[in-house]
Amino acid sequence: MAVDRPQSAKGLRFLVAFQAALAAIVLVGALAYPQAGATALAIPIGTPASTGGLGWLDDAQIVGTAGPRSHLLVRAGSNSTALAALASGWLLLHVPMSLCGKSRPRRT
(Lines give C-alpha, C1' and ligand atoms only; values in the text may rest on other atoms or scores of the structure.)
Protein backbone atom coordinates (compact mmCIF):
# COMPACT_ATOMS: atom_id res chain seq x y z
CA MET A 1 0.00 0.00 0.00
CA ALA A 2 1.55 3.27 -1.15
CA VAL A 3 1.35 6.26 1.10
CA ASP A 4 1.16 9.66 -0.56
CA ARG A 5 3.34 12.28 1.00
CA PRO A 6 1.81 15.65 1.65
CA GLN A 7 2.44 18.27 -1.00
CA SER A 8 4.43 20.37 1.49
CA ALA A 9 7.12 17.65 1.76
CA LYS A 10 7.64 17.76 -2.00
CA GLY A 11 7.83 21.53 -1.87
CA LEU A 12 10.37 21.35 0.93
CA ARG A 13 12.55 18.97 -1.10
CA PHE A 14 12.39 21.35 -4.05
CA LEU A 15 13.43 24.31 -1.88
CA VAL A 16 16.34 22.38 -0.36
CA ALA A 17 17.51 21.28 -3.82
CA PHE A 18 17.15 24.84 -5.13
CA GLN A 19 19.18 26.25 -2.23
CA ALA A 20 21.90 23.62 -2.73
CA ALA A 21 22.12 24.43 -6.45
CA LEU A 22 22.23 28.15 -5.74
CA ALA A 23 25.00 27.66 -3.14
CA ALA A 24 27.00 25.59 -5.64
CA ILE A 25 26.67 28.30 -8.31
CA VAL A 26 27.78 31.00 -5.86
CA LEU A 27 30.74 28.90 -4.72
CA VAL A 28 31.90 28.18 -8.28
CA GLY A 29 31.49 31.85 -9.16
CA ALA A 30 33.56 32.92 -6.16
CA LEU A 31 36.32 30.45 -7.00
CA ALA A 32 36.37 31.41 -10.70
CA TYR A 33 36.44 35.20 -10.13
CA PRO A 34 40.00 36.51 -10.70
CA GLN A 35 41.33 38.76 -7.96
CA ALA A 36 44.03 41.40 -8.50
CA GLY A 37 47.27 39.79 -9.66
CA ALA A 38 45.62 36.46 -10.54
CA THR A 39 45.96 34.77 -13.92
CA ALA A 40 42.72 34.51 -15.89
CA LEU A 41 41.54 32.99 -19.14
CA ALA A 42 39.78 35.61 -21.30
CA ILE A 43 36.93 34.11 -23.33
CA PRO A 44 34.95 36.28 -25.77
CA ILE A 45 31.20 36.07 -25.26
CA GLY A 46 29.23 35.94 -28.51
CA THR A 47 30.79 36.66 -31.89
CA PRO A 48 34.06 38.62 -32.17
CA ALA A 49 32.20 41.44 -33.93
CA SER A 50 29.87 41.83 -30.95
CA THR A 51 32.61 42.16 -28.33
CA GLY A 52 33.04 45.63 -26.95
CA GLY A 53 36.75 45.85 -27.61
CA LEU A 54 39.85 45.45 -25.53
CA GLY A 55 39.68 48.64 -23.48
CA TRP A 56 39.54 46.56 -20.30
CA LEU A 57 43.12 45.42 -21.05
CA ASP A 58 44.35 48.81 -19.80
CA ASP A 59 43.97 47.28 -16.35
CA ALA A 60 45.42 43.87 -17.23
CA GLN A 61 48.62 42.34 -18.59
CA ILE A 62 48.65 39.69 -21.35
CA VAL A 63 50.80 36.75 -20.22
CA GLY A 64 50.14 34.32 -23.09
CA THR A 65 47.55 32.34 -25.00
CA ALA A 66 45.86 29.02 -24.31
CA GLY A 67 43.76 26.41 -26.04
CA PRO A 68 43.08 25.62 -29.68
CA ARG A 69 41.33 28.97 -30.19
CA SER A 70 44.23 30.88 -28.62
CA HIS A 71 42.24 32.51 -25.84
CA LEU A 72 44.16 35.18 -23.99
CA LEU A 73 45.77 34.55 -20.63
CA VAL A 74 45.85 37.79 -18.68
CA ARG A 75 46.94 38.93 -15.24
CA ALA A 76 44.20 40.97 -13.59
CA GLY A 77 45.39 44.41 -12.55
CA SER A 78 42.64 45.01 -10.00
CA ASN A 79 39.63 43.30 -8.46
CA SER A 80 37.32 45.06 -10.94
CA THR A 81 39.14 43.90 -14.09
CA ALA A 82 36.75 40.97 -14.56
CA LEU A 83 33.71 43.25 -14.34
CA ALA A 84 35.20 45.67 -16.90
CA ALA A 85 35.95 42.75 -19.23
CA LEU A 86 32.42 41.39 -18.81
CA ALA A 87 30.98 44.79 -19.69
CA SER A 88 33.09 44.68 -22.88
CA GLY A 89 31.93 41.19 -23.87
CA TRP A 90 34.70 39.08 -22.33
CA LEU A 91 34.43 36.47 -19.58
CA LEU A 92 37.46 36.14 -17.29
CA LEU A 93 37.90 32.85 -15.42
CA HIS A 94 40.59 32.41 -12.78
CA VAL A 95 43.20 29.84 -13.79
CA PRO A 96 46.11 28.96 -11.51
CA MET A 97 49.41 29.76 -13.22
CA SER A 98 50.59 26.21 -12.51
CA LEU A 99 47.93 24.93 -14.93
CA CYS A 100 49.04 27.30 -17.69
CA GLY A 101 52.20 25.35 -18.44
CA LYS A 102 54.51 28.16 -17.40
CA SER A 103 57.17 27.38 -14.86
CA ARG A 104 57.94 29.94 -12.21
CA PRO A 105 61.56 30.92 -11.88
CA ARG A 106 63.23 29.50 -8.79
CA ARG A 107 64.89 31.86 -6.39
CA THR A 108 68.30 30.85 -5.17
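**View 1. The four-stranded sheet of this predicted model.** Four strands line up in the order S2-S3-S1-S4 to make an open, antiparallel sheet. Strands here are DSSP runs (E, at least two residues), numbered from the N terminus, and two of them pair if DSSP finds at least two bridges between them. Strand S2 (60–66) and strand S4 (90–94) take the edges with a single partner strand each, so one side of each has no neighbour in the sheet. On average, neighbouring strands are turned by 35 degrees against each other, direction ignored; the axes are lines fitted to C-alpha atoms, and angles can run from 0 to 180 degrees between N-to-C directions.

**View 2. Where S1 meets S4.** Here strand S1 (residues 39–44) runs antiparallel to S4, and five bridges join the two. Look for leucine 41, which sits opposite leucine 93 in S4.

**View 3. The whole chain, from end to end.** Two helices (H or I, at least four residues) join the four strands, and the order along the sequence is α-β-β-β-α-β. Of the 108 residues, 24% are buried, that is, under 20% relative accessible area with a 1.4 Å probe, protein chains only. The chain exposes about 8,000 Å², with 63% supplied by carbon and sulfur atoms; this area comes from the Shrake-Rupley method with a 1.4 Å probe. Among contacts (heavy atoms within 4.5 Å) between residues at least 6 apart in sequence, 68% link residues at least 24 apart.

**Notes on the views.** Residue numbers start from 1 along each chain as its sequence is written, and side-chain values use heavy atoms, leaving out hydrogens and water. As the model is predicted, local features need pLDDT of at least 70 and side-chain atom pairs count only at pLDDT 80 or more, while totals for chains, interfaces and linings use all residues.

Technical notes:
Buried < 20%, exposed > 50% of the residue type's maximum accessible area, 1.4 Å probe, protein only.
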